[in-house]
Amino acid sequence: MSKARILIVDDERLNINVMVSILSEDYELVIAKSGEQALKRVAAQAPDLILLDISMPDMDGYTVFERIGEMTGGKKIPIIFITAMRSPEEEIKGLKMGAVDYITKPFTPSIVEVRVANQIEAKRNRDELERLNRTDALTGIANRRRFDEYIMLQRESIVRSEAALSIIMIDIDHFKQFNDCYGHAAGDDCLKRVAKALESRLDRTTDFIARYGGEEFVVILPATDSQGAAQCAERLCEAVSELDILHDQSGTCGHVTASFGVATLLPEQREVSVEDLLEWADQALYQAKLSGRNQYRVAGQG
């Protein structure tokens, strides 16, 4: 397991040195000596935990806390306030803002170690739960919930980037007959192998695949026009066929195949909703099935 990344924000070198001596063996540490530096560090790479001094000359810790919340759009980075102030009012203020804990100066190494370790473990547990909530339990790829989030983000970005957004709807051909013939265990194995094969043919880190439901999958291709999406669909179609999974009950051929529907949203089509885009892809998928399956069709091209 890689070391957790902790951002230490304090304008006093002595405090930083003490924190480094306590934490450097177990964590990857990043230092910021002012609020502005802290914001730049977070923008460059979000840490797993922030140790944030309250009293700093250019921007106090409370302001930094609020700015980080604005920057991350509500994505939770746990923050422990560091302060020499011991009044209950100050502690209550910080906790009400959303800080996960308080550490007072002068530092007691054992207390620092335990409180930091507790928050790092809590974040890892939250991250794992979040990952599970967005992952399809059978195939290991993204689930419908994660798809809904990602497609909305990409829908918003095409207006800013002036780039096309394409999606590919995918349906395994004659899957009910496959399940009826070979059993649900074989059906589950088929879904897992198809998902892995599809994922392996996506070229870019921004390309995204999710299980849409049952034997359906969906691929999101940011900054991809209809020609590029069609080429991707062709590769994906070949990937499923190359698995060569026996399917005696297929009305298409002797192995498992899939059909694909491609749709593209252009930057100037700002009035078109995500629901419309999905409907276009679904209609194209329907045309691929009508045309004999084991192929793709592009929306608007017959």
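# Worked exercises on a predicted model

Tyr-212 counts as buried, because its relative accessibility of 17% falls under the 20% cut-off. The model behind this value is predicted. The exercises below start from this ring.

## Exercise 1: Rings between H6 and E7

**Task.** Find how many aromatic pairs the whole structure holds, and describe the pair formed by Phe-147 and Tyr-212.

**Solution.**
1. Count first. The search of the whole structure returns seven aromatic pairs.
2. Take the geometry of Phe-147 and Tyr-212. The ring centres are 5.5 Å apart and the planes meet at 90°. That makes the pair edge-to-face, because the angle is over 60 degrees.
3. Place the partners. Phe-147 is in helix H6 (residues 144-161), and Tyr-212 is in strand E7 (residues 208-213). The pair links distant parts of the chain, with the two positions 65 residues apart.
4. Check burial. Phe-147 has 1% relative accessibility, so it counts as buried.
5. Turn to Tyr-150 and Phe-208. Their centres are 4.5 Å apart, with 15° between the planes. This pair is stacked, because the angle is under 30 degrees.
6. Locate this stack. Tyr-150 belongs to helix H6 and Phe-208 to strand E7, 58 residues apart. Both rings are buried.

## Exercise 2: A ring cluster and a charge

**Task.** Which residues does the cluster of ring pairs contain, and which residue lies over the face of Tyr-62?

**Solution.**
1. Trace the ring pairs. They join Tyr-62, Phe-65, Phe-81 and Tyr-102 into a cluster.
2. Look above Tyr-62. Lys-93 lies over the face of this ring, at 4.0 Å from its centre.

## Exercise 3: The annotated aspartate

**Task.** Work out where Asp-53 lies, whether it is buried or exposed, and what it contacts.

**Solution.**
1. Begin with the record. An unreviewed UniProt entry places the feature "modified residue: 4-aspartylphosphate" at Asp-53.
2. Assign the element. Asp-53 is in strand E3 (residues 49-53).
3. Apply the burial cut-off. At 2% relative accessibility Asp-53 is under 20%, so it counts as buried.
4. List contacts, skipping neighbours within four places in sequence. Asp-53 then meets Val-9, Asp-10, Asp-11, Gly-61, Ile-82, Thr-83 and Lys-105.
5. Follow Thr-83. This residue sits in strand E4 (residues 79-83). Its relative accessibility is 2%, so Thr-83 counts as buried.
6. Read the contacts of Thr-83 with neighbours within four places left out. They are Asp-53, Ile-54, Tyr-102, Ile-103, Thr-104 and Lys-105.
7. Compare the two lists. Lys-105 appears as a contact of Asp-53 and as a contact of Thr-83.

## Exercise 4: Backbone exceptions

**Task.** Which peptide bond is cis at Pro-106, and what phi values do Asp-244 and Arg-293 have?

**Solution.**
1. Recall the background. Most peptide bonds are trans, and most residues other than glycine have a negative phi.
2. Take the bond from Lys-105 to Pro-106. It is cis, with omega near -5°. Pro-106 lies in the loop between strand E5 (101-104) and helix H5 (109-133).
3. Move to Asp-244. Its phi is positive, about 55°, although the residue is not a glycine. The residue is in the loop between H9 and E9. Asp-244 is exposed, because its relative accessible area of 56% is over 50%.
4. Finish with Arg-293. Its phi is also positive, about 65°, and it is not a glycine. Its loop runs between helix H10 (274-290) and strand E10 (296-298). Relative accessibility is 26%, so Arg-293 counts as partly exposed.

## Exercise 5: A buried arginine

**Task.** Where does Arg-5 lie, and with which side chain does its own side chain make a polar contact?

**Solution.**
1. Place it. Arg-5 is in strand E1 (residues 5-9).
2. Test burial. Its relative accessible area is 14%, so Arg-5 is buried.
3. Find the partner. The side chains of Arg-5 and Glu-28 make a polar contact at 2.7 Å.
4. Survey the surroundings, not counting residues up to four places away in sequence. Arg-5 touches Glu-28, Val-30, Gln-45, Ala-46, Pro-47, Asp-48 and Leu-49.

## Exercise 6: The largest nonpolar core

**Task.** Which element gives the largest share of the largest nonpolar core?

**Solution.**
1. Size the core. It has 29 residues. Those with the most contacts inside it are Ile-168, Ile-170, Leu-198, Phe-217, Val-219, Leu-236 and Phe-260.
2. List the elements that give two or more residues. They are strands E6 (165-172), E8 (216-222) and E9 (258-265), with helices H7 (175-182), H8 (184-200) and H9 (226-242).
3. Pick the main contributor. H9 supplies the largest share, seven residues.

Note on methods:
Residues numbered from 1 in each chain as written. Predicted model: local features only at pLDDT ≥ 70, side-chain atom pairs only at ≥ 80, totals over all residues. Heavy atoms only, no water. UniProt positions renumbered as here; feature names shortened; annotations may be inferred. Helix = DSSP H or I, 4+ residues; strand = E, 2+ residues; numbered from the N terminus. Buried < 20%, exposed > 50% of the residue type's maximum accessible area, 1.4 Å probe, protein only. Contact = heavy atoms within 4.5 Å. Phe/Tyr/Trp six-rings, centres within 6.5 Å; stacked < 30°, edge-to-face > 60°. Lys NZ or Arg CZ within 6 Å of the ring centre and 35° of its normal. Polar contact = N/O pair within 3.5 Å; in protein donor to acceptor, adjacent residues only side chain to side chain. Core = buried A, V, L, I, M, F, W, Y, C linked by side-chain atoms within 4.5 Å.
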